[in-house]
Each structure stands twice: as structure tokens, then as C-alpha cells.
Amino acid sequence: MPKAKGKTRRQKFGYSVNRKRLNRSARRKAAPRIECSHIRHAWDHTKSVRQNLAEMGLAMDPNKAVPLRKRKVQAMEVDVDERRQLVRKPYVLNDLEAEASLPEKKGNTLSRDLIDYVRYMVENHGEDYKAMARDEKNYYQDTPKQIRNKINVYKRFYPAEWEAFAHSLQKNAMEVA
């Protein structure tokens, strides 16, 4: 099979390219991406990982940051010299603490179709799961137990909404009777 026309040209050395800058940018691109945006924006690529984390008030090794106390107190260790590094970027630590203190967002929800399906079945059939299984809107041919489980899932996910719905059904039943 023939080769493409322009692919056989020999490679020429690029004298105008700054190799040091090229290698540095390649190393930076190959480095793993920091997922935490607070740390990523405060990161200084000219410094080591340990220096960056120390400036932010974070520890690289938790065992060295919070050492275990020794049980025996030695007589010679009267004057303990603790080396505390200066935290130059305390805003990173403050942002991380503020983000951690936020309540966790409820991520799992039910689909709108499933909610409508459950409400329709309960409105029309009440607690009769066998009648729900025979209903024409039961497109997926769920068994009575599967329908009961879907209703229980809805009750567990949206308890306040279920209470309001059940209360409105009881009120409608009283008005009809």
C-alpha cells in the first residue's frame, strides 16, 4: 500500500525552540491534575509538594504532623523544640473548612416517570397491588410485589410529599362518601 505523499520527509532539528521551556511545559502537562480547586489555584509549580502544602497549612504526612505521644517522659527532654512552618496561604485552609462544613447534598432522586406512575397507581387503586398489576398503565408488566416495592421507595425518598399526597387522597375520599 502506498504511503501518504508528505510523510517521508526527514526530520529537521528546530534550533529556534527553547528546550528548557519545552521540557518544563511537558513536565507540567504530564503532572496529575489537582482536583481540589482551592489547592489548585494556590499551587506554585516552582516549589515542591511539601513546600506547597506547608504554605497552605496542610500536611503531607499525617504521622509527622500529629506525632503520637511517648508513654515514658525522658528526663533529658525538658526543652522540646517544635519547628512550626509559617502558613503563608491560610485562605486555602479556611476555604476547605468552609466547604467541609456545608451539609451534604442529596444526590439520588427518583425519575419523574416513576413518581407519576406511583401516584397514578395509588390514586386509582389504593392498596390493591393485584389491580395495579392488571392496570393498562403498567407498561413494564410489573408484578404486585414490584409495584409495592416502587411505592415503598417513593415513600422513603419523599416522606413529606407522600404524607401530603396520602392526606389529599383521604380528604377526597371523605368528600365523595
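How do the axes of helix α6 (residues 112–125) and α9 cross, and within what distance do they come? In this predicted model, the two axes come within 11 Å and cross at roughly 30°. Because angles under 35 degrees count as roughly parallel, α6 and α9 are described as roughly parallel to each other. The crossing of α6 past α9 is right-handed. On the α6 side, the contact is made by Ile115, Arg119, Val122 and Glu123; on the α9 side, Glu161, Trp162, Phe165 and Leu169 take part.

Helix α6 also meets helix α8 (residues 144–157), and here the axes come within 10 Å and cross at roughly 110°. This angle makes α6 roughly perpendicular to α8, since the range from 65 to 115 degrees counts as roughly perpendicular. The crossing of α6 past α8 is left-handed. Residues Leu114, Ile115, Tyr117, Val118, Arg119 and Val122 of α6 are in contact with Ile147, Lys150, Ile151 and Tyr154 of α8. Ile115, Arg119 and Val122 thus appear in the contact with α9 and again in the contact with α8.

Aromatic residues form a further feature of this region. Five aromatic pairs are counted in the model. One of them joins Phe157 and Tyr158, with 6.4 Å from centre to centre and 50° between the planes, and this pair is tilted. Another is formed by Trp162 and Phe165, whose ring centres lie 5.8 Å apart with the planes at 50°, so this pair is tilted as well. Trp162 and Phe165 both belong to helix α9 (residues 159–176), where they are three residues apart, about one turn of the helix. Together with Tyr154, Phe157 and Tyr158, these two residues form one aromatic cluster. Within the cluster, Phe157 has a relative accessible area of 18% and is therefore buried, as the limit for burial is under 20%. Trp162 is likewise buried, at 12%, and Phe165 is buried at 4%. Members of the cluster also take part in the helix contacts: Trp162 and Phe165 on the α9 side of the contact with α6, and Tyr154 on the α8 side of the other.

A charged group and a ring are paired elsewhere in the model. The charged end of Lys137 sits over the ring of Tyr120, at 5.0 Å from the ring centre.

Helix α3 (residues 49–56) has as its buried residues Asn52, Leu53, Ala54, Glu55 and Met56. These buried residues pack against α2 (37–42) and α5. Just after α3, Gly57 adopts a positive phi of about 85°.

Helix α5 (residues 90–101) contains Tyr91, which counts as partly exposed at 44% relative accessibility. From C-alpha to C-alpha, Tyr91 is 49 Å from Lys12 in space, and the two are 79 residues apart in sequence. Ala4 is placed in the segment before α1 (19–30) and, at 48% relative accessibility, also counts as partly exposed. Between Ala4 and Val118 there are 62 Å in space, C-alpha to C-alpha, and the two are 114 residues apart in sequence. Val118 is one of the α6 residues that meet α8.

Note on methods
Residues are numbered from 1 along each chain as its sequence is written. This is a predicted model: local features need pLDDT of at least 70, side-chain atom pairs count only at pLDDT 80 or more; totals for chains, interfaces and linings use all residues. Side-chain values use heavy atoms; hydrogens and water are left out. Rings of Phe, Tyr and Trp (its six-membered ring) pair if their centres lie within 6.5 Å; planes under 30 degrees apart count as stacked, over 60 as edge-to-face and the rest as tilted. Buried means under 20% relative accessible area, exposed over 50%, partly exposed in between (1.4 Å probe, protein chains only). Helices (H or I, at least four residues) and strands (E, at least two) are DSSP runs, numbered from the N terminus. A charge sits over a ring if NZ of Lys or CZ of Arg is within 6 Å of the ring centre and within 35 degrees of the ring normal. Axes are lines fitted to C-alpha atoms, for helices over the stretch in contact, and angles run from 0 to 180 degrees between N-to-C directions. Angles under 35 degrees count as roughly parallel, over 145 as roughly antiparallel, 65 to 115 as roughly perpendicular and the rest as oblique. A crossing is left-handed if the near helix is turned anticlockwise from the far one by less than a right angle, and right-handed if clockwise. Contact means heavy atoms within 4.5 Å.
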